[in-house]
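Subject: Structure for your review

Dear colleague,

Please find below the structure that I am handing over to you. I should be grateful if you would read the notes after it with the coordinates open.

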Amino acid sequence: MKEYFEFQNKTKILAGKKALENLPSEFDNFRVKRPIILTDRGVNKAGLVDKVIKACGGADVIFSAIIDDIPQDSSTEEVNKIAEIYNEKKCDGIIAIGGGSVIDTAKGVNILVSEKGKDLKEFAGAERLKRPLRPLFVIPTTAGTGSEVTAVAVIKDDKSATKLLFTSRYLMPDVAVIDPRMTITLPAYLTALTAMDALTHAIEAYTCLQKNLFSDVYAWKAIELISKNIVELVKNGKDKEKRLEMAIAATMAGVAFSNSMVGLVHSLGHAAGAVAKIPHGVAMNIFLPHVLKFNYEEIKEELKELLLPLAGEEIYVKTNEKERARKFIEKIEELQEKLNKLTKLPKTLKEAGVKEEQLEKIAEKAINDGSLTLNPKDVTKEEALRIIMKAYK
Ligand SMILES: [Fe+2]
């Protein structure tokens, strides 16, 4: 066991089929009267913002601005713009309704309005914040990023085409609302790719250098719930019970990796996102088995254990102890295959539209990505490129 470790989750979690209706009392708790709502067009069009507003019917608040045009891959410029609106409208809290990009944008805006800064870039890096931020309420509409409970935000810097990483315990949202009504309309393809992001969080949290007994518990249960629900949910997205379990699993994986951090799958994913604009979950799905093979010697004991929550008791018991770690990777590849058949989720970088001439740039960016520091094995540029080439074909 580690000689010393830290674990924190300050976010209050409201979870259940009527979770949204409990938001007004949280506004009271935080004395919020004029929150700004941040979301994206798709979420607004799907009627999810209306659902939140309706559920907050009895609340003593004015939604002083609704920003519904946050792009998929939000940037520092976007954040700077929204922070100005927040200040102009004299808002006193932030409600983020959306996926990773919306939530991370909200965290970025929260940094600027709380620190009275003008340019988000000045705050990039680790532990740059010195005091609590404004109240932040997060309502995820995908079950993937876990950003509703993490101390991390990833926001693109347009000028350098680099993903900036912000980490601080003050970035953890105050309240996360896990309500299946928010993910019930998520199409099968997005259900698959966001679930693969959550699964990657849990696996990397359980295998990276900063893992600890608390993060292990969250990661373990997340893997079990994701594995139990993912294929069925892709086939039938209307099952509220499964939607709730999947959303809870994604949040648990978020708690796990927010404390133990992630590794090489995320370094490669951030780089592929910045260079070739591949959606994060797609990159996670493609790189995961390749990285498990690369890290194999360092993580085989953990993978052996994780076969149980991933594949269930029957397969775990039937598999010879020496074969369990390999079986784990096989099961991930099987899952990749199934999701590809059901939703055409790409299995290779080529299928995802990456050009061969971009591979070297991805390798270069990946080895300079912050997530690499806790990967269980060091990675050279040549090794990263080899993994990327395998993932390309
Ligand atoms: Fe991720």
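The notes below take the domains, the helices, the core and some individual residues in turn.

Please bear in mind throughout that this is a predicted model.

Domains and annotations

The protein is divided into domain 1, residues 12–182, and domain 2, residues 188–392. Their C-alpha centres lie 26 Å apart. To the contact between them, domain 1 contributes 25 residues and domain 2 contributes 26 residues. On the side of domain 1 that touches domain 2, at least two residues come from each of the strands β1 (12–15), β7 (152–157), β8 (162–167) and β9 (175–178). That side of domain 1 comprises 13 nonpolar, eight polar and four charged residues.

The UniProt record, an unreviewed entry, carries annotations for both parts of the chain. It assigns "domain: Alcohol dehydrogenase iron-type/glycerol dehydrogenase GldA" to residues 11–180. In the model, residues 11–180 are 29% helix and 24% strand, with 19 Å between the end C-alpha atoms. The record also places "domain: Fe-containing alcohol dehydrogenase-like C-terminal" at residues 191–392. That span is 75% helix and 0% strand, and its end C-alpha atoms lie 23 Å apart. Finally, UniProt lists a "coiled-coil region" at residues 318–352, again in an unreviewed entry. Residues 318–352 are 60% helix and 0% strand in the model, and 36 Å separates their end C-alpha atoms.

Helices α6 and α8

Helix α6 covers residues 188–207, and at 1.5 Å a residue its 20 residues should span 28 Å. The end C-alpha atoms of α6 are indeed 28 Å apart, which agrees with that expectation. Of the 20 residues of α6, 18 are buried, so the helix is largely enclosed by the rest of the structure.

Helix α8 has 21 residues and reaches 30 Å from its first C-alpha to its last, close to the 30 Å expected at 1.5 Å a residue. α8 is mostly covered, with 16 of its 21 residues buried.

The nonpolar core

The largest nonpolar core has 134 residues, and those touching the most other members are Leu-38, Ala-96, Ala-202, Ala-222, Ala-253 and Leu-268. Helix α6 gives the most to this core, with eleven residues. Both domain 1 (12–182) and domain 2 (188–392) supply at least three residues each to the core. Leaving aside neighbours within four places in sequence, Ala-96 is in contact with Leu-38, Val-102, Ile-103, Ala-106, Leu-136, Val-138 and Ile-139.

Two residues with positive phi

Most residues other than glycine have a negative phi. Two exceptions may merit your attention when you inspect the backbone.

Arg-31 has a phi near 55°, a positive value in a residue other than glycine. This residue sits in the loop between α1 (23–29) and β2 (35–38). Arg-31 counts as exposed because it has 9 C-beta neighbours inside 10 Å, and the cut-off for that class is 12 or fewer.

Met-261 has a phi near 75°, also a positive value in a residue other than glycine. Met-261 follows just after α8 and is found in the loop between α8 (240–260) and α9 (264–276). Here the surroundings are buried in class: Met-261 has 24 other C-beta atoms within 10 Å, and 20 or more are required.

Pairs distant in sequence

Ser-267 belongs to helix α9 and counts as buried, because it has 25 C-beta neighbours inside 10 Å. Ser-267 and Leu-372 are 105 residues apart in sequence, yet their C-alpha atoms are 5.9 Å apart in space. Leaving aside neighbours within four places in sequence, Ser-267 is in contact with Ala-366, Asp-369, Ser-371 and Leu-372.

Tyr-4 is found in the segment before β1. With 5 C-beta neighbours inside 10 Å, Tyr-4 counts as exposed. Its C-alpha atom is separated by 9.2 Å from that of Asn-212, which is 208 residues away along the chain.

With kind regards

Terms used:
Residues numbered from 1 in each chain as written. Predicted model: local features only at pLDDT ≥ 70, side-chain atom pairs only at ≥ 80, totals over all residues. UniProt positions renumbered as here; feature names shortened; annotations may be inferred. Helix = DSSP H or I, 4+ residues; strand = E, 2+ residues; numbered from the N terminus. Expected span 1.5 Å × (residues − 1). Domains from an automatic or database assignment. Contact = placed C-beta atoms within 7 Å. Nonpolar A, V, L, I, M, F, W, Y, C, P; charged D, E, K, R; others polar. Core = buried A, V, L, I, M, F, W, Y, C linked by C-beta atoms within 7 Å.
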